[in-house]
Amino acid sequence: MRLYMDFSTSSSAAIASALCKRLEEIRLSKNISQAQLARQAGVSRSTMTRIADGKSISLDSFVRVIKALGLADHLSALLPDPRVR
């Protein structure tokens with residue numbers, strides 16, 4: 001996977017694919033099977049297959065998988081705090 005992606009010029013499909021592929025790489029680095037992560041996240045095994053294939057998934061599934069991987073603290077980096085100018 002590319003280490004850098006210009007999110008401002010990439011299509012939404014390309015961004016979704018890159019994020020799913022990154023989730024898959026994290027899963028593999030933690031040596032967790034798709035079935036284990038699906039159970040922990042409360043998602044279907046087919047959702048895990050979609051992630052592995054770089055296909056888009058629902059936002060709910062994305063958040064569930066991030067939380068199951070222990071990455072919930074990183075969610076705050078997705079959007080800036082609107083109170084900070």
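Modeller: A pocket here is an open set of points on a 1 Å grid over the protein atoms alone, where a 1.4 Å probe fits and protein lies on both sides within 12 Å along at least five of seven lines, and its lining residues have an atom within 4 Å of a point. The model is predicted, so local features need pLDDT of at least 70 and side-chain atom pairs count only at pLDDT 80 or more, while totals for chains, interfaces and linings use all residues. Residues are numbered from 1 along each chain as its sequence is written, and side-chain values use heavy atoms, with hydrogens and water left out.

Biologist: Which residues line the second largest pocket?

Modeller: This pocket has a volume of about 200 Å³, a volume being the space filled by probe spheres set on grid points that are joined across faces, edges and corners. Helices α1 and α4 each supply at least two residues of its lining, a helix being a DSSP run of H or I with at least four residues, numbered from the N terminus. The lining consists of Ala16, Leu19, Cys20, Ser56, Ile57, Ser58, Leu59, Phe62, Val63, Leu75 and Leu78.

Biologist: How many charged residues does the lining of the second largest pocket have?

Modeller: In this classification Ala, Val, Leu, Ile, Met, Phe, Trp, Tyr, Cys and Pro are nonpolar, Asp, Glu, Lys and Arg are charged, and the others, Gly among them, are polar. Nine residues of this lining are nonpolar and two are polar, and the number of charged residues is therefore none.

Biologist: Which element gives the most to the lining of the largest pocket?

Modeller: The largest pocket, with a volume of about 310 Å³, has a lining that includes Phe7, Arg22, Ile26, Phe62 and His74. Two or more lining residues come from each of α1 and α4. By class the lining divides into 10 nonpolar, one polar and one charged residue. With four residues, the element that gives the most is α1.

Biologist: Is Arg27, which forms a salt bridge with Glu24, buried or exposed?

Modeller: The search of the whole structure finds three salt bridges, each a side-chain nitrogen of Lys or Arg within 4 Å of a carboxyl oxygen of Asp or Glu, and in this one the closest N and O atoms are 2.6 Å apart. Arg27 and Glu24 are three residues apart in helix α1 (residues 12-29), and are therefore separated by about one helical turn. With a 1.4 Å probe and protein chains only, buried means under 20% relative accessible area, exposed over 50%, and partly exposed in between. Glu24 is buried at 11%, and Arg27, at 7%, is also buried.

Biologist: What separates Arg64 and Asp60 within helix α4?

Modeller: The closest N and O atoms of this salt bridge are 2.8 Å apart, with Arg64 partly exposed at 36% and Asp60 partly exposed at 45%. Because the two are four residues apart in α4 (residues 59-68), what separates them is about one helical turn.

Biologist: Which residue forms a salt bridge with Asp81?

Modeller: Asp81 is partly exposed at 31% relative accessibility, whereas its partner counts as exposed at 71%. The closest N and O atoms are 2.9 Å apart, and the partner is Arg83.

Biologist: Which elements give two or more residues to the largest nonpolar core?

Modeller: A nonpolar core joins buried Ala, Val, Leu, Ile, Met, Phe, Trp, Tyr and Cys residues through side-chain atoms within 4.5 Å. Of the 14 residues in the largest one, those that touch the most other members are Leu23, Leu37, Val43, Met48, Ile51, Val65 and Leu69. The elements that give two or more residues to this core are α1, α2 (34-41), α3 (45-52) and α4.
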